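Subject: Model handover

Hi,

Here is the model I promised to pass on. Have a look at it first, and my notes follow underneath.

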Amino acid sequence: MELRQLRYFVTVVEEANFTRAAARLHLAQPGLSAQIRQLERELGQPLLDRSGRTVTPTAAGAAVLPHARAALAAAERVRETVDEFTGLLRGHIRLGTISGVAMGEFDIADVLAGFHADHPQVEITLTETSSDAMLADLERGALDIALVGLTGQELDPRLSLDIVLDVAIVAAVAAEDPDRRDRIALTELRDRPLICLTRGTGVRGVLERRCAAAGFEPDVAYEAAAPPLLLRLAARGLGLAVVPELTPAEAAAVGVRTMAIVEPELRGRLALAWRTDRLTSPAAKVLLGQLRIALARRKPMSR
């Protein structure tokens, strides 16, 4: 029995799927399956039930699972103790971020480059996807740290959050739009074609939750993964873009005007998130600290 086989077994249980587990472990699926079968032969019992649509632990597998996790945690503590003694950081950190943020106000690439220069033994995997997907990945242990947009929904209590941005969500229209108001009620969006971020993002989630509370479903005519494209569409008169607030200069530069959304006001929040009960790697703790410092410097939060 080898520690890597126990890690493979735990990962398959967490993913409930050999293909996803192999991708998470950076292995070929046949090789992963072969290692699990070898472990089962050595123990003399099947650990996984492969008969259903998802892979689940057998009774023996369920009994083995906490001991496998404890063995992996103990081995990791041994490595961390030695690393701390020698002053060396190493390991693998899985970081997630919302689409487009690395190219905008928050220079994630700069933070990662500095971290890599100081700690070249640490491997970092960067994933760019929706907030909903990253929150799910944090909950099941597929990510260590994520920069996510929040919708106000109840989150897993094991998650810790550090809010790095809290801004108003506004409506942007073409600069020449005949509606010259600077405020628009949420209910007035009911019959307007909207341009918004994709489902699973924080801004989209806030919009949908607030509209549902007001008794209607927003009519999203166009959607994109990042605000710059939304603004370009709005500037061409294709609808009303729902985006984080802009300065007057930023709005003028892309050919739009903004109106505050009121009754109620909508807020967009961006947060660093991590699993409090799993962020045990010294490398992950150091990177989290550097991200918190760097992101806090970029833009002051509104309250």
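Let me start with the contact pattern: of the contacts in the protein between residues at least 6 apart in sequence, 74% join residues at least 24 apart. Do keep in mind that this is a predicted model. The protein has 303 residues, of which 44% count as buried. I get 10 helices and 12 strands, and the C-alpha atoms fill a box of roughly 75 × 45 × 30 Å along the principal axes.

On the N-terminal part, there is a record to go with the coordinates. An unreviewed UniProt entry annotates residues 1-58 as "domain: HTH lysR-type". In the model, that stretch is 62% helix and 7% strand, with its end C-alpha atoms 19 Å apart.

Next, the cores. The largest nonpolar core holds 36 residues, and I93, L272 and L291 have the most contacts inside it. The elements giving two or more residues to this core are β3 (91-97), α5 (108-118), α6 (131-139), β5 (145-150), β6, β12 (266-275) and α10 (282-298). The top contributor is α10, with 7 residues. If you want one residue to click on, try L291: leaving aside neighbours within four places in sequence, L291 is in contact with L95, I108, V111, I145 and L272. There is also a second, separate core of 32 residues, which includes V206, L231, L233 and A235.

Now the strand pairing, beginning with β8 (residues 194-197). This strand runs parallel to β9 (residues 220-224), and 4 bridges join the two. One of the partnerships is L194 with V220 in β9. Between β8 and β9 the chain passes through helix α7 (residues 202-213), making a right-handed β-α-β crossover. β8 also pairs with β10 (residues 240-244), again in the parallel sense, over 2 bridges. L194 turns up here too, with L240 as its bridge partner in β10. So L194 has bridge partners in both β9 and β10.

The other strand I'd point you to is β11 (residues 256-262). Since 5 of its 7 residues are buried, β11 is largely enclosed by the rest of the structure. β11 runs antiparallel to β6, with 5 bridges joining them, and A174 has V256 as its bridge partner in β11. With β7, on the other hand, β11 pairs in the parallel sense, over 3 bridges. There R183 stands opposite A260 in β11.

That leads to the residue I spent some time on. Where does D179 sit? D179 is in the loop between β6 (159-174) and β7 (183-185). And is D179 buried or exposed? Its relative accessibility is 17%, and because the cut-off for buried is under 20%, D179 counts as buried. The D179 side chain makes a polar contact of 2.9 Å with the side chain of R181. Not counting residues up to four places away in sequence, D179 touches R192, R257 and M259. Two of those numbers, 257 and 259, fall within β11 (residues 256-262), the strand that pairs with β6 and with β7.

If you open the file, I'd begin at D179 in its loop, then look at β11, and finish with α10 and the core to which it gives 7 residues.

Cheers

Notes: Residues numbered from 1 in each chain as written. Predicted model: local features only at pLDDT ≥ 70, side-chain atom pairs only at ≥ 80, totals over all residues. Heavy atoms only, no water. Buried < 20%, exposed > 50% of the residue type's maximum accessible area, 1.4 Å probe, protein only. Polar contact = N/O pair within 3.5 Å; in protein donor to acceptor, adjacent residues only side chain to side chain. Contact = heavy atoms within 4.5 Å. Core = buried A, V, L, I, M, F, W, Y, C linked by side-chain atoms within 4.5 Å. UniProt positions renumbered as here; feature names shortened; annotations may be inferred. Pairing = 2+ DSSP bridges. Right-handed = clockwise from strand over helix to strand, strands pointing away.
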